[in-house]
Amino acid sequence: MKRCAGILMHISSLAGKRGIGSLGAAAYEFVDFLNSAGMSLWQVLPLCTTSYGDSPYQSPSAIAGNPYFIDLDKLAAEGLLKSNELPEYADDGIDYAALFAERYSTLGKAYKRFDKTDSEYVSFKTENAFWLDDYALFSAIKEARGYAPWDTWELELKTRSGGMKKFISRAEFYKFLQYEFFKQWRALKAYANARGVKIIGDMPIYVAYDSVDVWSDPKMFLLNPDLSRKSAAGVPPDYFSADGQLWGNPIYDWDYMKSTGYDWWITRMRMALELYDVVRIDHFRAFADYYAIPADRTDARVGEWRIGPDKEFFDCVRAALGEPEIIAEDLGELHDCVRELVKNTGYPGMKVMQFAFDGNPNNEFYYTNYPENCVAYSGTHDNNTTRGWFEALDDGGKALVCNTLGCDAADVTSTVITRLFESKADTVIIPMQDFLNLPACARMNTPSTLGGNWSWRCADGYADAAANIRALAERTGRLATR
């Protein structure tokens, strides 16, 4: 990627009256907006299914797509839903509890009318059986067990030693959901690619403990004989949290994975590259070294750093998949081994402008210090909006930002965006909230908090911003070319 720019906007944030953004009309309109604005990249957050807490970074599957994103109006157009079966919600956020209570019932009505002998559906099931069968069975059992975590199921189900046949019929419903998701997503991606827009997708490095991946192949993770976690993933105290971040994900057994030639990872990466043109690996540093927290801890203050699979892992990926386009999320307090891995792989790392204002002219996050091989952001999904971030600073912090940028307080967001576009960074990604100069209420996620996250929706009426974005891209040599 050379001298280009794009926008960060998750599918869930798209407008619409069905409770959450979907792969329907608003998604196609957003692609048209990107094209009109001269943008060549659309970055989305993970498309995977979500569970308790609604975070796409705590998914019950490393591969399955989020059924909430299936566009109901498309199903209605195909005759699978009736107009009076289409739910309507206020388009001012996401009520995940209401969505959970309604959506699977609505999708179930579509499934009853769906022709299960459809040749494309049959082919999809056959081609994806290597992950789909386990995922659908896992989902069917969870539903029957009141969505309780798999480690609380009766022993034969927990250990996959028996009792699973009775769930096979219901599992077919979950295969249908994945068929519809992948069909709609592939059509949207093809539309975007045809208009010169590439998709950047997020890959969370870890999977949830309560996931089909752990349940179906526990040997891949560091677990006790009773299948409980030996340790959990997270990061020590940092910029985002004084107690660190205890994510709770199980730690990979990297020695076992190495013995398999990293087959699971290569399969996961191959599937991601079918969904996306570019893969941003979240918490990339864990391939160099990762933080392991004792499973009985309630915070991340106590833990130990362990050595990851390092460059050997990426050598295996390249041997199997060629030269995939990867962005390394290398934020936070980094050890030298992490910097060395990013350098040795050649993947672009990330720079976040909100981290730049400490009075140090050599701060690596300030736009004048960027190398070409990086992806520069005003902020990420874990940051406040730029306006919200600035407004939360004390008077001294605000003065430092304004003096450093040479602008008035009212112009901070637009100035940050302009400076990023003018920087040497090959790639610039701006969250949609910043292009609209939205306040803190539009923040996507606050790390180490539960509730109130992942719910921002983008209102209609943003199309007028395209002309100014396009003019900036043209002036700074970032205008999309097809």
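I began with strand S4 (residues 231–235) and strand S7 (289–294), which run antiparallel and are joined by 3 bridges; I count helices (H or I, at least four residues) and strands (E, at least two) as DSSP runs numbered from the N terminus, and two strands as paired if DSSP finds at least two bridges between them. Across this pairing, Ala-232 stands opposite Ile-293 in S7. S4 is also joined by 3 bridges to strand S5 (residues 245–250), again antiparallel, and there Gly-234 has Leu-246 as its bridge partner. I found 5 of the 5 residues of S4 buried, so the strand is largely enclosed by the rest of the structure; buried means under 20% relative accessible area, exposed over 50%, and partly exposed in between, with a 1.4 Å probe and protein chains only.

I note here that this is a predicted model, in which local features need pLDDT of at least 70 and side-chain atom pairs count only at pLDDT 80 or more, while totals for chains, interfaces and linings use all residues. Residues are numbered from 1 along each chain as its sequence is written, and side-chain values use heavy atoms, with hydrogens and water left out.

Next I looked up the open sheet, whose 8 strands follow the order S9-S6-S3-S2-S1-S12-S11-S10 with parallel pairing. S9 and S10 stand at its edges with a single partner strand each, so one side of each has no neighbour in the sheet. From one strand to the next the twist averages 25°. At the S9 edge, strand S6 (residues 278–281) pairs with S9 in the parallel sense over 3 bridges, and Ile-281 has Ala-328 in S9 as its bridge partner.

I then turned to helix H7, which lies across strand S2 (41–43) and strand S3 (198–203) and runs at about 135° to S3; axes are lines fitted to C-alpha atoms, for helices over the stretch in contact, and angles run from 0 to 180 degrees between N-to-C directions.

Which residues touch the most other members of the largest nonpolar core? Of its 161 residues, they are Phe-30, Trp-42, Trp-185, Trp-265, Phe-287 and Phe-421, where such a core is a set of buried Ala, Val, Leu, Ile, Met, Phe, Trp, Tyr and Cys residues joined through side-chain atoms within 4.5 Å. Helix H7 (residues 168–194) supplies the largest share of this core, 11 residues. Following Phe-287, I listed its contacts (heavy atoms within 4.5 Å), and among them are Ile-205, Trp-254, Trp-265, Ile-281 and Leu-341.

Leu-341 led me to helix H12 (residues 336–345), where Val-338, Leu-341, Val-342 and Thr-345 are buried. They cover an arc of only 95° around the axis, which puts them on the same side of H12; the arc is that of the directions from the helix axis to the C-beta atoms. On the other side, Asp-336 and Lys-343 are exposed. The buried residues pack against S7, helix H11 (310–321), strand S9 (326–328) and strand S10 (349–352). Just after H12, Gly-346 takes a positive phi of about 80°.

Last, I searched the whole structure for disulfides, pairs of cysteine sulfur atoms within 2.5 Å, and the search gave 0. Cys-441 is in none, the nearest cysteine sulfur being that of Cys-458 at 12 Å, too far for a bond. Cys-441 counts as exposed at 70% relative accessibility, whereas Cys-458 is buried, with a relative accessible area of 1%.

Note on methods
Lists of a residue's contacts leave out its neighbours within four places in sequence.
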